[in-house]
Amino acid sequence: MQVIDQAIPAVKLVIPKRHGDARGWFSETYRADILAAHGIEDHFIQDNQSFSAQQGTVRGLHFQRHPFAQAKLIRVLSGAILDVAVDLRRDQPTYGRHVAARLDAANGHQLYVPIGFGHGFCTLEPDTMVAYKVAGGVYSPEHDGNLLWNDPDLGIDWPVSEAEAQLSAKDKVAPRFADLPPLF
């Protein structure tokens with residue numbers, strides 16, 4: 001398993017090794033000891049899964065405020081996504097910057113997003129299924145927050161236009177980055 005720091009070093013690309021033969025392949029998708037050796041020492045308490053029928057579905061940018069803030073380890077079970085993490089930690093020099101990575105079922109790559117980040121993704125293929133491990137707090141509606149996915153101040157190069165994006169009602173009216181109070 002490789003663990004690679006991204007442009008924002010707190011975010012990591014996790015590349016599990018696949019052992020293949022004529023039958024297919026086998027992979028360890030989670031190893032606490034290897035991740036801990038790379039600074040990921042979270043105690044994962046919940047697994048989540050989402051299914052998006054349409055290409056161009058955007059989920060996010062979401063976060064949970066303290067004391068239910070969450071870290072996530074995201075992977076794709078079928079299809080593909082552009083996965084995005086936005087740094088919401090005001091005391092960091094990377095505040096307001098983002099990291100984006102393509103995750104798909106074929107490559108098996110995962111993205112670790114620590115507490116203090118907004119997270120979202122756009123499906124690149126129809127029938128995309130995403131699974132993620134969650135550390136920190138369980139979901140709390142009172143501590144749920146979001147950020148406008150296509151806020152021009154963030155400069156995220158989404159693979160879908162605003163007119164084509166499939167969004168939830170909540171994500172359509174999310175606040176802009178400049179309007180967020182201090183969160184982390």
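Here is a friendly exchange about how some labels on this structure are earned.

Me: What kind of model is this, and how are residues numbered?
Reply: This is a predicted model, in which local features need pLDDT of at least 70, side-chain atom pairs count only at pLDDT 80 or more, and totals for chains, interfaces and linings use all residues. Residues are numbered from 1 along each chain as its sequence is written, and side-chain values use heavy atoms, with hydrogens and water left out.

Me: How many helices and strands does the protein have, and what makes a run count as one?
Reply: There are two helices and 13 strands. Both are DSSP runs numbered from the N terminus: a helix (H or I) needs at least four residues and a strand (E) at least two.

Me: How do you know that the radius of gyration agrees with a compact globule?
Reply: The radius is taken over C-alpha atoms, and the globule rule is 2.2 Å times the number of residues to the power 0.38. For 184 residues a compact globule would have a radius near 16 Å, and the protein has 16 Å, so the two agree. Along the principal axes, the C-alpha atoms fill a box of roughly 55 × 35 × 30 Å.

Me: Why is Ser-50 called buried?
Reply: Buried means under 20% relative accessible area, exposed means over 50%, and partly exposed lies in between (1.4 Å probe, protein chains only). Ser-50 has 12% relative accessibility, so this residue counts as buried. Across the protein, 48% of the 184 residues count as buried.

Me: Where does Ser-50 lie, and which residues is it in contact with?
Reply: Ser-50 lies in strand E5. Contact means heavy atoms within 4.5 Å. Leaving aside neighbours within four places in sequence, Ser-50 is in contact with Arg-59, Phe-121, Thr-128, Met-129 and Val-130. For the protein, among contacts between residues at least 6 apart in sequence, 79% join residues at least 24 apart.

Me: What makes the pair Asp-47 and Lys-133 a salt bridge?
Reply: A salt bridge is a side-chain nitrogen of Lys or Arg within 4 Å of a carboxyl oxygen of Asp or Glu. In this pair the closest N and O atoms are 3.1 Å apart, so the pair meets that definition. The two residues link distant parts of the chain, with Asp-47 in strand E5 (residues 44-52) and Lys-133 in strand E12 (residues 128-136), 86 residues apart. Asp-47 is exposed because its relative accessible area is 56%, whereas Lys-133, at 23%, counts as partly exposed.

Me: Which residues are linked with Arg-31 in a network of salt bridges?
Reply: The network links Glu-28, Arg-31 and Asp-33. Within it, the side chains of Asp-33 and Arg-31 meet at 2.7 Å, N to O. Asp-33 has a relative accessible area of 46%, so it is partly exposed. Arg-31 is partly exposed too, with 28%, and lies in the loop between strand E4 (24-27) and helix H1 (32-37). The structure holds 11 salt bridges.

Me: Are Arg-89 and Asp-87, which meet in a salt bridge, buried or exposed?
Reply: Arg-89 has a relative accessible area of 17%, so it is buried. Asp-87, at 0%, counts as buried as well. Their side chains meet at 2.8 Å, N to O.

Me: How do you know that Lys-72 has no salt bridge?
Reply: The nearest side chain of opposite charge, Asp-144, is 7.5 Å away from the buried Lys-72. Here Lys and Arg count as positive and Asp and Glu as negative, while His and the chain ends are not counted. Lys-72 is placed in strand E7 (residues 70-78). Residues that Lys-72 touches include Phe-44, Tyr-132 and Lys-133.

Me: Which residues are joined by a cis peptide bond?
Reply: One such bond joins Gly-60 and Leu-61, with omega about 15°. Leu-61 lies in strand E6 (residues 58-64). Another joins His-66 and Pro-67, with omega about 5°, and Pro-67 is in the loop between E6 and E7.

Me: Why is Asp-127 called partly exposed, and what is its phi?
Reply: Asp-127 has 45% relative accessibility, so it counts as partly exposed. Its phi is near 55°, a positive value in a residue other than glycine. Asp-127 is found in the loop between strand E11 (117-123) and E12.
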